[in-house]
Each structure stands twice: as structure tokens, then as C-alpha cells.
Amino acid sequence: MKAKMIIVYAALLFLMASCSSSRITYSWKSEAVPAKNYNKIMVVGLLSDNDMDLREKMENHLVGDLETRGYQAISSLKEYGPKSFENMKEADALDKLHNSGVDAVITIVLLDKKRERYYVPGRVYYSPYTIYQRRFWGYYSTIYGRIYSPDYYQVSTKYFWESNFYDMDSKELLFSAQTESFDPESAASLANEYGQMIVNEMAKKGIIK
């Protein structure tokens, strides 16, 4: 019975370490401006220069997910480069979007990124170690196996995101969502999960088709 419990526990640890998960923690829809069809939606990622590769993937995946629903969508990174609206005034930025035929903008903002280091026992034993403490070697081999087993410590990474959807005609915020992603397998898998999640939530709220 104990052996079976150990196997189950080890399997759970493996799944926790290897699986990626993203979830929406908060979403909001404005009732002030009615939903409508959009001709061209621009995806704007707001990430640091160190995360430029991640920004590119996040924008591209969200663009692709919007296109699968029949919308024309473009990446600000592809359209304008990494410094899309740097040092621009509001009127100039809006003119820039209007000249590109953009009538809606959705942002992707990395609010925070946290790395946590935690202990994961390589072998699972039940405490107290009374049965092993009676003899030196039993105690020594038990503790040795616990301390020197592989993957003694593990690092987890959490990403906290926010996306806002703006109508360029009214200049109003129509939709906002905050999400968190835990230990993504890669930047590509994170972007893929995020794009689908946001687009599905927008469709659920009636912002897009």
C-alpha cells in the first residue's frame, strides 16, 4: 500500500513539474459601448527589451487566433518595429493607427514574473523515521537517499498578464482580463495558450464573434 502511495505521489510531482497551465483570474466587459465588427485589430505587446522574443510570439499567436475567427489582425512589432509608439503624443499615435486602417487595439502586458525555488523530495518516506532510527545504517541510508537524491530543489516560474481591448472610434476600453501562467514548457506554448484563452474569453463576453 505504501509503495503504491509513493508511486502515485511521484507521478503527481512529475505532472506538476512538466505541465503548463494558464488561467484567467479576472475579466471585465464594458456595457457603455456596443460590440461591433472590426476591420483591423492591432495586437500590441508591452514587454521589456529582454523579452523581445516572448513579445513576438505572444503577438503572433494572438494575431493568429483572431484570424481564425475571421478578423484581420496585425502585430505591432511586425508593423512598426520594437519601439511602436515611443516618444509619441496621443494624437500622433492615433493618427498612426488610423493611417494603418486599425479600428481596434488589444494590448498584452507582462505585469510581473516570479521565480520560486522550492524543495521536492526525490524519494518519499513517511515520518517519523522511528523504524529506521533503531539501526545506524537504516537511518543513514534513509536520510542519505532523501538529501542526495536528484531534483532536490526545483524552480517554478509564474507569469502575470493583462490584456485590454480598445475601440479606436470611441477610444473606450471594452474588455480587460488578467491571467496567470504557471511553468510554461516554452515561450511558444505559453503564447499559444494565452492567445486561445484571451480570444475565447472575448468571444464569450460578446466582444468578438
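Trainee: Which residue forms a salt bridge with Glu180?

Mentor: In this predicted model, Glu180 sits in strand β6 (residues 172–182), and the residue that pairs with it lies in strand β1 (residues 21–29), 157 residues apart from it, so the pair links distant parts of the chain. Glu180 counts as buried at 18% relative accessibility, because the limit for buried is under 20%. The closest N and O atoms of the pair are 3.0 Å apart, and the partner is Arg23.

Trainee: Is Arg23 buried or partly exposed?

Mentor: Buried requires a relative accessible area under 20%, and exposed requires one over 50%. Arg23 has a relative accessibility of 47%, which means that Arg23 counts as partly exposed.

Trainee: How far apart in sequence are the parts that the salt bridge of Lys83 and Asp49 ties together?

Mentor: The side chains of these two residues, Lys83 and Asp49, meet with a distance of 3.3 Å from N to O. Lys83 lies in the loop between α3 and α4 (90–99), whereas Asp49 lies in the loop between β2 (41–46) and α2 (52–67), so the parts tied together are separated in sequence by 34 residues.

Trainee: Which residue meets Glu59 in a salt bridge?

Mentor: Glu59 and its partner both lie in helix α2, four residues apart, about one turn of the helix. Both residues of the pair are buried. Their side chains meet at 2.8 Å, N to O, and the partner of Glu59 is Arg55.

Trainee: With which side chain does the side chain of Ser76 make a polar contact?

Mentor: Ser76 is found in helix α3 (residues 76–80), and Ser76 is buried, with a relative accessible area of 0%. Leaving aside neighbours within four places in sequence, the residues in contact with Ser76 include Met42, Glu59 and Ser84. The polar contact spans 3.1 Å, and the side chain on the other side belongs to Arg55.

Trainee: How many aromatic pairs are there, and what is the geometry of Tyr38 and Phe165?

Mentor: The count of aromatic pairs comes to four. For Tyr38 and Phe165, the ring centres are 5.3 Å apart and the planes stand at 80°, and because planes over 60 degrees apart count this way, the pair is edge-to-face.

Trainee: Which residue forms a tilted aromatic pair with Trp161?

Mentor: The two rings are 5.5 Å apart, centre to centre, with 50° between the planes. Trp161 lies in strand β5 and its partner in helix α7 (residues 187–205), so the pair ties together parts that are 33 residues apart in sequence. Both residues are buried, and the partner of Trp161 is Tyr194.

Conventions
Residues are numbered from 1 along each chain as its sequence is written. This is a predicted model: local features need pLDDT of at least 70, side-chain atom pairs count only at pLDDT 80 or more; totals for chains, interfaces and linings use all residues. Side-chain values use heavy atoms; hydrogens and water are left out. Helices (H or I, at least four residues) and strands (E, at least two) are DSSP runs, numbered from the N terminus. Buried means under 20% relative accessible area, exposed over 50%, partly exposed in between (1.4 Å probe, protein chains only). A polar contact is a pair of N or O atoms within 3.5 Å; within protein, one must be able to donate a hydrogen and the other to accept it, and residues adjacent in sequence count only if both atoms are side-chain atoms. Contact means heavy atoms within 4.5 Å. A salt bridge is a side-chain nitrogen of Lys or Arg within 4 Å of a carboxyl oxygen of Asp or Glu. Rings of Phe, Tyr and Trp (its six-membered ring) pair if their centres lie within 6.5 Å; planes under 30 degrees apart count as stacked, over 60 as edge-to-face and the rest as tilted.
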